[in-house]
Each structure stands twice: as C-alpha cells, then as structure tokens.
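I opened this entry to record how the parts of the assembly touch one another. I start inside one chain and then move to the chain pairs.

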4 protein chains.
Amino acid sequence: MTTSSFLDDYSEGAHPDILSALTESNYIQQAPYGDDTYSADATLRIKACLGETFNGAIHYVASGTMANIVSISSCLRPHEAVIAVNSGHIVVREAGAIEATGHKLITVPAVDGKLTPGNIEAALASNAHFPHMAKPRLIYISNATETGTIYTLAELRAISALARQRGLILFLDGARLGAALASSKNDATLADIASLVDLFWIGGTKVGTLLGEAIVVCNPALTDDFAFHLKQRGGMLAKGRVLGIQFQALFGVKNLFFENARHANAMAAKLAAGIVSLGYALDAETATNQVFPILPDAVIASLKARFSFYVWAKADDDQSVIRLVTSWSTDERQVDAFLERIAQL
Amino acid sequence: MTTSSFLDDYSEGAHPDILSALTESNYIQQAPYGDDTYSADATLRIKACLGETFNGAIHYVASGTMANIVSISSCLRPHEAVIAVNSGHIVVREAGAIEATGHKLITVPAVDGKLTPGNIEAALASNAHFPHMAKPRLIYISNATETGTIYTLAELRAISALARQRGLILFLDGARLGAALASSKNDATLADIASLVDLFWIGGTKVGTLLGEAIVVCNPALTDDFAFHLKQRGGMLAKGRVLGIQFQALFGVKNLFFENARHANAMAAKLAAGIVSLGYALDAETATNQVFPILPDAVIASLKARFSFYVWAKADDDQSVIRLVTSWSTDERQVDAFLERIAQL
Amino acid sequence: MTTSSFLDDYSEGAHPDILSALTESNYIQQAPYGDDTYSADATLRIKACLGETFNGAIHYVASGTMANIVSISSCLRPHEAVIAVNSGHIVVREAGAIEATGHKLITVPAVDGKLTPGNIEAALASNAHFPHMAKPRLIYISNATETGTIYTLAELRAISALARQRGLILFLDGARLGAALASSKNDATLADIASLVDLFWIGGTKVGTLLGEAIVVCNPALTDDFAFHLKQRGGMLAKGRVLGIQFQALFGVKNLFFENARHANAMAAKLAAGIVSLGYALDAETATNQVFPILPDAVIASLKARFSFYVWAKADDDQSVIRLVTSWSTDERQVDAFLERIAQL
Amino acid sequence: MTTSSFLDDYSEGAHPDILSALTESNYIQQAPYGDDTYSADATLRIKACLGETFNGAIHYVASGTMANIVSISSCLRPHEAVIAVNSGHIVVREAGAIEATGHKLITVPAVDGKLTPGNIEAALASNAHFPHMAKPRLIYISNATETGTIYTLAELRAISALARQRGLILFLDGARLGAALASSKNDATLADIASLVDLFWIGGTKVGTLLGEAIVVCNPALTDDFAFHLKQRGGMLAKGRVLGIQFQALFGVKNLFFENARHANAMAAKLAAGIVSLGYALDAETATNQVFPILPDAVIASLKARFSFYVWAKADDDQSVIRLVTSWSTDERQVDAFLERIAQL
C-alpha cells in the first residue's frame, strides 16, 4: 500500500474490509431497492449510534450530491429557500443541483467556514419581504465545512435552537462527517447531531467506501414518502445491497467509520506538526484531514516532482498556500517522506 | 453458486471477474469524477464495438433511472415532450422522474411492447395543436422492452428514419440491452444501434455489475456540456473509477457483457422449452431472459415452496401466468430442478 | 352589438359594466399586488356565495393556465401526481404546464367527459406500486368539462367523499363554471362546490371580463403561503385592482356572473332546439354554451360563408359535427339568422 | 386627476387613451391567444422603433415576473446560470421565480446599480470550475435599474461586446425602460437596445397600461417555439387583444410610451430640484422617476400626514432617506404642494 498523492480523500478504492464484505456476500440472493438484509442490518448499526430517542429512518444513496438533492427537495415546498454560506458545497460545487429542483439559495458570508445564529438571523431579516422574496426555510450546514473547520456542540445547539424557534429545517451535509467527529477539536457525537438536526447524512465515500452515503432522517415528520424522492431523483439502486454491505462494514466491530477518519486526521496532524517544526507556518488550523501550509514557491516546485497536491492560493510574492489532504489509506511512510523532503529543501 | 430465485436479474452481487478487477485496482490512485484511466479504457473498449463512424462520448452513472433522467433532460428544452409506450419504464416505474425534470410524457399503446412508426405518427398527429400542446421531441424506446420483447434491426431503422425525417431525437433505454443483443431473435449490433439513435445506454446492473450503466451519446450535437448534467442531477461519482473498472471488465477479453447475457437467455430458453415439453403453454414467446408460463394454480402453489418467482396475472379460473427471470448467475442445476419439480407435479 | 362568430366565448372584450367600473375607478390610488380595496370587496362578494362555513381565501390571476399552475403546484410535493381524464385541459391544452412544475399526470378515459369514483379508483389501483410509481394525490376535474357536460351535485359529492376517504386533494377547474352553474341541468351551488372541493377557480374570461380568474382556496390547510406561489409563478399583477374591479362587477347587484352565463346558455339552447326542429340531430346533449349539431357537409359549406365556427369531426361520408359556442355577448338576432340560414338550405 | 401618493408608479389604473381604446374596440370579434389584429398592429408600431435590421418577434404578457420567467427559461438549458447584480429584481423581488424554473443565479455586487464588464468577468472567472459549477450563460440587466440609475449607450455596448465574445445571452428587463429612455442622461434608443441585446422587454404597467409587458426577442435564433413557453408558463391570455390594444395606444401617434415616461421624469426632476433649492441633499442623483432626498426625521413625520411615500433608510441619528416615485399620472400641483410643505417645515 503506497500513497504518492495528497490531492484528495477519494483517490483510491475502498477499505479492504469493505471489499471483502462485498465478495463474501456476493452470491446470496437479496431483495432489491434497499430492502435487503444488509441494508437493514447497517441501519440497525447506525441507529445504535443515534441515541435511544431516535425515531427516524435511514436511506442509502450513491453520491453526496444525490444525498443533498434528495434531502433538500424532499422537505421543501416550491417557494421555500435554503440558507447557506457563500462557500457551501451546494452553492459552488454541485452545478446548480438544488436550484434545478426549483429552490433558491440564500447565501451569507461564512464565519470560519460556518453558519452562525448571527448570519442566519441576518439572512432571515433581509429575506422577509412577503411575498416578493422566497421564504427562508432550510438551513444548510456541512460538518466538516468546505475549509476543513468543524462545528462545536455548542455551535450546533445554538443553530438548532434558532431553527426550532423560527420554524426552520436544519440539515447537515456530512460528506466529511467522519473527519469532523474524529477531530481532536470535536465534542459532538452522532447522537448529539441526530437530536439537533432534522436530517443529515453520513459520508461513506471519503472515509473508505467505494461509494455511498447514508441519509439519516431524524424528524419523524419528514420520513413519510421519503422513498418516493429517492426513486424519483434516480437515487435508488436496484442492488441496494451494495450500499448496505459497505455501511455494515463501516459501522461493524472494527468501527471503521471512526477509525478510518481518525487515521486520516492523525496523518494530517503529523504533517501539520512536522511542517511547523520545520519553521513554516500554516494558513489555517488543522482540525480534520486537510492541511494548509505556507511554503516558499521554490520548495513547492521541488515537492511537486515527487508528490501530488493542489496549490491553493498565493500567500505573497514568493510563497504560496498548498492544500494537503490525507485519507483512510494514507501511508505514514509517505507523510514521513514528505516531511523529509521539505527538510532537505 | 446456487440460485433459488427466479424473481429478477439483480438479486446477487457482481460477476466474480468484476469483483476481482475492483480488488486488484484498489490502491492505485486515480483522478476523480470519471477522469480515471479505467473509465478511459472502458470507453475505448466500448467504442471499439460502436463502429468507425462513431463520434460521440460515453459517460457512466450508477442507476438506470439516473441514466434516463440525465439522457432525456440534457437534450430537451422545457416545452418539449417525450413519446413512449404506456408500459414504458419511465412511464410507470420511475416515480415521475422525467416529469420531475419538467417534461411531459405522451403515451401510446404498445405493439408487442414496442413503439412503431405507426403509433409514433399517431402521437405526433394528436399533439400538433401549436402552441397549446407540448411539442413532441424525443422518442423513448427500450430494448429489450418491459415485456421482454426486442426490436429487430428493420424496426429500429424504420423508427430512426422517421425520427430523422421529423426532427425527433431517438433515445434507447438499454437496461436489458445485453439480453436483447444476445437474443436468438436479434439481428442488430451495438454499432447498428449507435448509428441509428441519438443516445442510448448500456445496462450493467442486470448483466453482472454491482451497479452502473454506460450512457452513449451518439449525436455529436448532444455531447457538449453533458458532464454538467451528470453533475447537476447527482449522477457523477467521486470515485468514478468504480464504474469504469466494471465496464472495463464487461467489455474485456472475456466479453462478459455478451456472455453473461447469453447465459441468462440460454437458461430462459431451457426453462421455456422444458415447460412446453411438459405440456404447458407460454403466455408470450421467450425472446430474452424472461419466461411467462401458464400453469395450474395448484402447481404454482407447490413450486412456491421451493422457488421464488412472481405470479404475474390470472389466466383463467384455475391457471395463472408466472414470470421467471434468469440472470448471469442462474445455475443450470436450478433450472433442471425447477423443471423436474413441475414434472413431478 | 353584432356577432358573426360562434367560434368561442372569448372573441370580444368585456361586458360594458366591467369597462365602466374600470373607467370610474381609474384615478383612485390603491395599494398594489392585490391589496387594493376593490379586490377586498370582490372577495367579500364572492364569499357571500360560498356559505357560512367557508374559511378559506380568494386570489385573482390573469389566465386559466396560471390558475391551474398555481393551484396545483402550491399543494403538491414533488413525488405527488394528478389524476385527470385524457381530455382534461391540463392534459392536452396547456403545453405541459403542470409537468413543467414537476408533476406527473395520470390519465384515465373520461365518462361523458367526466371523472367518476370508478375511474379514480382504477387510477389509484394501477398506480400503487410504491415507491416506483408517482403517488396519486390530486384529483383534477373541470366543470363544465372540455366537452360541455356538467357534474351533478351527486357526482361531485361522490368524488369528494372518495377524495376524503383516500386522502386526496380535490381541485376543480372552473374556466366555464358560470356556464355549468347556469345550466338547466345543474343542481349545485357555489356553496356546494366550496364545501366539497379543496380548491377551485371561478373563470372570469369566458363570462365577460377582459381577463381574470378567481382562485378559491377552500381547505384552510392550503391557504398559508399561497401568495408566494402566485408571485413565484408570475401570477401576481402590480395593478391587482384590475382583477378585483372586474370580479366586483361580476358579483355585483346585477349578478353578471350568473346572468352572462345564463344568456350564453339560453342562446345555445335556442340554437340546439332550432336545429333539432329543422330535422337535424345533435352529437351531444346541450348542457351549457356549446352545441354540436350534425349537418350535411354541403350545408356546412354554405353556412361558413356567413358564420364562423369550427368543424369538429366527420360524422359520416356526407355529414360532419360542427361546434357552436355562444357567449355573454351573443346577439339573439345572430342566432335567428343562423337558424334561418339553415332553414333556407 | 389628483395624486396624494409618491409610493410607486402603479397606484392608478391606465392612461385615459388606453381605456378609450379598450372601450372602442370592445365588440369587435378577434382571434384569441395573441393572434388578433390589435396585437399585430402594436407589433408593427414597436418594430418601427427597432431599426431596419430587426428580425425578431414580439410577444405580450401580463406581468413583469412573467416576462422574466418566459424570457429567461425559454433560452437556457438546465445547467446554465444567470449573472445578475445582488440587487436585481429577479434576485430579491420575484420569490425565487427563476430558480423555480431550475436555474441558478450567480450574483455580483452592483456598481451604481449596474453590471459592468468587470463584474461580469469576475463572475465568469469564479464560476469556471467545470463541471462542478453551473455554466454562466445569460446576463441579466435592468434599465432603469432597481435604484433608478440608467445604462449609457457606451455601457450597453461594452456589455454586449463582452457577451458576444464569451458566447453569453444578454437580456434586459425593461420594467422601467420608458423612464430610462426618457431620462435626460439617456443616449440610447430602442433600436440601439434591439441591436445590442438578445432579448428584452418593454414595460407597460409602470408607464400607463392596466397591465402588460412586451417581450422583444431580437436574436432570431431564439424566436422559434417561443409561443410554447408563453403558453406553458401561463403567460398567454385568451383575450390577447387586451394587451395588443394597450401597446397599440402606447406606441400610437401620441407616443404615450415616451410622453408618459417623460412626464414622470419631469415631475421627479422638479421634486429633486425643489428639494435641493430648499437646502436638502439627495442620496442619489435623480436620473429617472425616483427621488431619494435626505430629510430631518421631524420633517418626514410632518410630510407623512399629507403625503404617502416610503422611508428608505436611516441617514444618521436625526435624518432619513425617503423615496419619492412619480408616474404618468402625477399632478404637478401635487409636486408643488409637496415642495411648499417642506418649505413651511
């Protein structure tokens, strides 16, 4: 197992246990469309993490954009709009997928990548001209955020309280929820999240599945008819077992969901600490599996010969910020090699 | 490998060669979103079947409904409608997925499960009241059809000629295209289809992949911007490799796409012939991998104890039509056991 | 006032009282977007016809298609479908307007132009395959129907009872509601309709306004946020007064809404009776303001020289069905002239 | 004719000539759906203003939001997005109408209420991540802008040149186009606009019609099938004559379109000059029919007792900006009375 790339956390296939689970179950005949026993068991395993009061439903889809499309469009009426930060994934990375289902996105500047009660209140205040403005109805947050920051439990509680007070739906995009929950800065559990939001999803793709995200519908009022939306948007697989088996493995005895994320975060933390100890600064704190070092352009050019990563932004005339992403499959020797190479340069 | 079910052709996982290909490639890092080398190679392999004049593009998605959504919505303007048979999959099995993208379905009675120049002309004639009726623009056919029948090359040519004469887009849903092409009644090739339609898709799920369908955009005028539609509808996987690898295997040296379909069809033919030789009639000719025997209700009840299948319709007071579906994984011993059990009864 | 045309009931401008009302109020400044005193008063006048238990809301829009778009799309979730007869206006005369808002139309054959509990039950039964079929949710009827027939009170009650039993929304398109209520065969009142349906609209255009239809939302659960939908679909006029003033006049002391319709129906009845007394048959009973005589083609050709009307269908080799439509502005002398001309021929 | 309100330019009915035209034509039978002779003549009159090279089409709709919906949705494919200023009418005053047709709005900060080549280029640059971002395709401008500023001919030419160079569609919302063209700062003609944009609309409602806007499709490639979109969105009136007659009057010998706008602008200019001569400042230059004086709160309170207007924003602790809107029907004596009242205070 070798890794030469810090480009992203979806460059490889799946964790080997997941491939094994797919292989072992291969010839066992199952009902289609998510009614298989693997999906049922995966759902039980996830529910075990959601707290005793959880009274919702779980569905599996192939991609994160699909998870966002189905989750958001299933619970909004045509005139209802979404509040999100300018940098939100649904705002700038999904080709207008939410608008394609008919809904306006109301965007506000992010605070450290995040929504806050303050910027939500601002969005409500500036979109209140009835009936000339679309009605703000759903709050979209992602954890971890697009910039790798995470929400504390107190922050989630504050947004949840505001949502309930104002009659808003709170939805959490969990493409990198594993990285968030495994962060040393995190103090929230899956059960906390399930109790605070109306619906959220648990990303599988970036934490070691071939594909697959689990949508958790927490608010019982939103569970009715959910399967229709999955089917209508093209999100229901004939072999739903393929998703169920993978989430079974993620939430099995080895707790791969947390362990894979923890490994990725640990590799990022080691990169960050190593780079700082070599005298270079970071452009942002490393909370999850993304590191943003500021390096001299000459150093960057040399590193590029042996490692893959994105140059993120110019820092000044001679330096740039680069982005390093680690994953469940990042080999620690690769991290060491990267740090050694910087030290040489 | 044992099979106790004739319920459908997506009860198992994947052909073992496909699982092996996923496993072997697992740690090789690849670019995301379909820009991986496996997808590129799969595309080359499929193109090799499409004829020298093919000048289009190929994209991979996770599900058949997604293939239909993206294919149809990418090439229609808002006022344009789809012509399909009453029993079409997009009409009665996709929860209104096409209407959800804004387009009307104009339905006509099927002729042996199929559209014909005649019923297409009828649809055009009865939807010509400009501008009060949506404009018929796209012809939707599936091969094999919902009822397991297939289009002959002459039939496809006739529809294609009409489409070109009337300025219509011709689209073919290939969820069971493998079964159609491997049918003993088939006289069309992939290259024929590519030359006659504007776009079509090659189903992987029902011919042995874990998931995945390949959309073939034949008309060069429709290739621009296609990737936007994939992304916007949630049809683009971060690990696009997962689809590419599987289609690489389907269209590899073993020609699994055709061989898997041929096996399914052969098992269906054996079932059909055996049942007829035992003195029972079929409700419809067996062209692909679906068999519709008419059996006494008492026989059906006994069979149900050991085999899974759907009772399709009442034939008369004492007899019913059942549906038997075979697949790439149907074990011939299971077919023999089924026939023996009927003989005993 | 002369009329040479029996083409339709929207060939002229408005009833003179309506023009006068627009002129008299012209310089009085009013709040925009439907918040004017004229609209408020028109609403009071209409509510006076709706029964004491009415607890809904009334809104005014410019066109019938807009009334259908807003009414239907405001109360459906994305996966919910509409049940209508094959010949329904939304099915064949609105260019796919309802599908453009994302909803499937489930069509059934009409019984004398109408839906019945029987064909609604059939639609429910054949669209019950969860979650693969869109969920039937709203029943669309029009009164009078596209073919000029009307619903009796008993028929409306039966459909309403079924709708409530099955959790369906009942919606009535009233483009020609005036003609229906003024029919000699009618036994329903506006108050009856308001008590039986969830929402309906009262057509103004075909009963003497320049434009304008009044949407009556009867079910209090559907009134919230209705104005958003009006605005979002482009159905809210800056000078909402223009619609309010006209409905004030329609529902004023002269009761123009009923009187105009009664005149149109009376002219149709006179045409029908006269044609029958001249020895010609009718293709359908004359319930409202549409007459369908069967005449020799030679007679039709001669009539065409002096009158405008549509030839509707071939009856046999030598005869055709024509359609004659009368309106609030049809001059009785024109009816006499038409009958005299037939007599001469 | 008295005016007590400076709230907006749609508080009254219609210019008396328009009411007369409706009355005079009332009983003349006409073809429906815009195929009447009045609409045909109105179109000829407007075309006479559009220059000899104009080779497009003109359609009439009831409301400005409808004009925007039909214009924009008729020429975009699902993945294509609109560039507009943050304060654009479609962004903040149409309840998400454009998103409801499936399209993303990409917003940029306005420069004096306007788009510029600079902020358009910025929008293109920051939305270029193929295929993860919706494709910028249509530039939305309004003239006059939401804040009453206007585009110079040079500014329009620069945007048009950029649009053509980058393959973008240029669309102009002309809700207050009359006010813009009648501005003393204006140097563009209708013919200039028709030669520079792909489509635009000429607002009738705010310049003296009861309702009605004329959509001018300049680019011949966009004229095909336009009527389908009108019908599908509910924008086609059965009595299309109602719109045609009014635009005939607007573009008749009296040139009401320009004269009504000129009167409104003149009244605004007189208000502005008078207020400045009384020693008060304006928050923005007065280019059209909107005036934004900065007045002491005590003065505002007194004015409110006799005149209607909006308080727009706080200027400082003791002063506020108010908005005064004049119209075709503003009585000069009312302007004088307003200025006298300020002088007294």
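I looked first at the contact between the two domains of chain A in this predicted model. Domain 1 of chain A puts 18 residues into it, and domain 2 of chain A puts in 14. On the domain 1 side, α8 (177-181) and α11 of chain A each give at least two residues. α8(A) has the largest share there, with 4 residues. I sorted that side of domain 1 by class and got 9 nonpolar, 6 polar and 3 charged residues.

I then checked the bounds. Domain 1 of chain A runs over 16-250, and domain 2 of chain A over 256-344. Their centres, taken over C-alpha atoms, are 29 Å apart.

Next I turned to chains A and B. Each of the two chains brings 45 residues to the contact. On chain A, at least two residues each come from α1 (16-24), α3 (64-75), α5 (97-100), α10 (226-232) and α11 (241-250). I count 20 nonpolar, 18 polar and 7 charged residues on the side of chain A that touches chain B.

I went on to chains C and D. Here 45 residues of chain C meet 44 residues of chain D. The elements of chain C that give two or more residues to this side are α1 (16-24), α3 (64-75), α5 (97-100), α10 (226-232) and α11 (241-250). The class split on chain C is 20 nonpolar, 18 polar and 7 charged.

Last, I noted the confidence values. Chain A has a mean pLDDT of 96, with 99% of its residues at 70 or more. The model's ipTM is 0.96 and its pTM is 0.97.

Definitions and conventions: Residues are numbered from 1 along each chain as its sequence is written. Chains are lettered from A and ligands numbered from 1 in the order in which they are written. This is a predicted model: local features need pLDDT of at least 70, side-chain atom pairs count only at pLDDT 80 or more; totals for chains, interfaces and linings use all residues. Two residues are in contact if their C-beta atoms, placed from the backbone, lie within 7 Å. Ala, Val, Leu, Ile, Met, Phe, Trp, Tyr, Cys and Pro count as nonpolar, Asp, Glu, Lys and Arg as charged, and the others, Gly among them, as polar. pLDDT is the predictor's confidence in each residue, from 0 to 100. Domain bounds come from an automatic or database domain assignment.
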